[in-house]
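Trainee: I would like to learn how to read strand pairing in a model that I have not seen before. Could you take me through it slowly, with the structure in view?

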Amino acid sequence: SPCRFKYTKLIPLFIDAALLSACRAATLGLVAFAAGDAAAKVIIQPEGFETAYLPIASSWVGNLWGMFCPPTPGDEVDLHFQEDGKNAAYVSLRFFGGAARPLSVVSGEFWLVHKSGSLIKLTNDGKVTFADAAGSVLVLNNDGTTILTSNLIVNGNISATGDITDRDATGGSTMAHFRSVYDIHTHGNAQ
C-alpha cells in the first residue's frame, strides 16, 4: 500500500482514511493554533479537518538556538506526511497569499522583515541594512563606511584608530584639533 501507517508517540495525527481521499506526500493547510515554535494545529484543505499538534520544521535548529518564527493562526502552510503515512505529518513551509501579502523584493536579495517594521536587508549592491520600527537605521555600505541614523548611547569606552571629525566635517574641526587647542591652554597663578 502507498500509505504506511506509522504511530508517533510524540505528536500523533489521527485522521480517518475516509476523511482524506488518499494519503498524500504533501497538502495545504491553514494554521488553527500555534504552540510556540515547536507545534501547531492545522486545518487540512480543502477537507477542513483539524489535526492534532504537529511538529514545525525549521531550516536552522540546535539545542536552544536556531531560527524561531512560529506561524500565526490563518497562515497557509505546506503539510507533509512522512513516507505518505497519515500518522506522521509535519508542518513545512508557509505561503504568501491574500491574507499574507509579500513585499516586492528584487531577485537575489534577502530581506528579513518583522511585522513591527524592524528589518535586516542584504541587498544586491552588497549593503547590509538594519532598521527598527522607531526609525533607527544602520547601513554597512560595502565600501568600508557605515552610516548610523540614530541617537547613539555608548555604555563603555570608545577606541578609534582614526580621527573623529565634527558634524559633516565642516570647519575642519577634528578631535586632534580640539586636543591641540586644549593642550596649549594654561591657567595663570595655579597653585
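Mentor: Let us begin with strand β12 (residues 137–140), which is joined to β13 by four bridges and runs antiparallel to it; please keep in mind throughout that this is a predicted model.

Trainee: Which residue stands opposite T146 in β13?

Mentor: The residue opposite T146 of β13 is L140.

Trainee: In what order do the five strands of the open sheet come?

Mentor: The order is β9-β10-β11-β12-β13, with antiparallel pairing. Because β9 (110–113) and β13 (146–149) each have a single partner strand, they stand at the edges, and one side of each is left without a neighbour in the sheet. On average, neighbouring strands of this sheet are turned by 5° against each other when direction is ignored.

Trainee: Which strands pair with β2?

Mentor: The general idea is that two strands count as paired if there are at least two bridges between them. Here β2 (residues 39–44) pairs with β4 (residues 54–55) in the antiparallel sense over two bridges, and two bridges also join β2 to β3 (residues 49–50), again in an antiparallel run. Taking single positions, A40 stands opposite L54 in β4, whereas I44 has F49 in β3 as its bridge partner.

Trainee: How many residues lie between the strands in the hairpin of β2 and β3, and which residue there takes a positive phi?

Mentor: Four residues lie between the two strands of that hairpin, and G48 is the residue that takes a positive phi, near 85°.

Note on methods. Residues are numbered from 1 along each chain as its sequence is written. This is a predicted model: local features need pLDDT of at least 70, side-chain atom pairs count only at pLDDT 80 or more; totals for chains, interfaces and linings use all residues. Side-chain values use heavy atoms; hydrogens and water are left out. Axes are lines fitted to C-alpha atoms, for helices over the stretch in contact, and angles run from 0 to 180 degrees between N-to-C directions.
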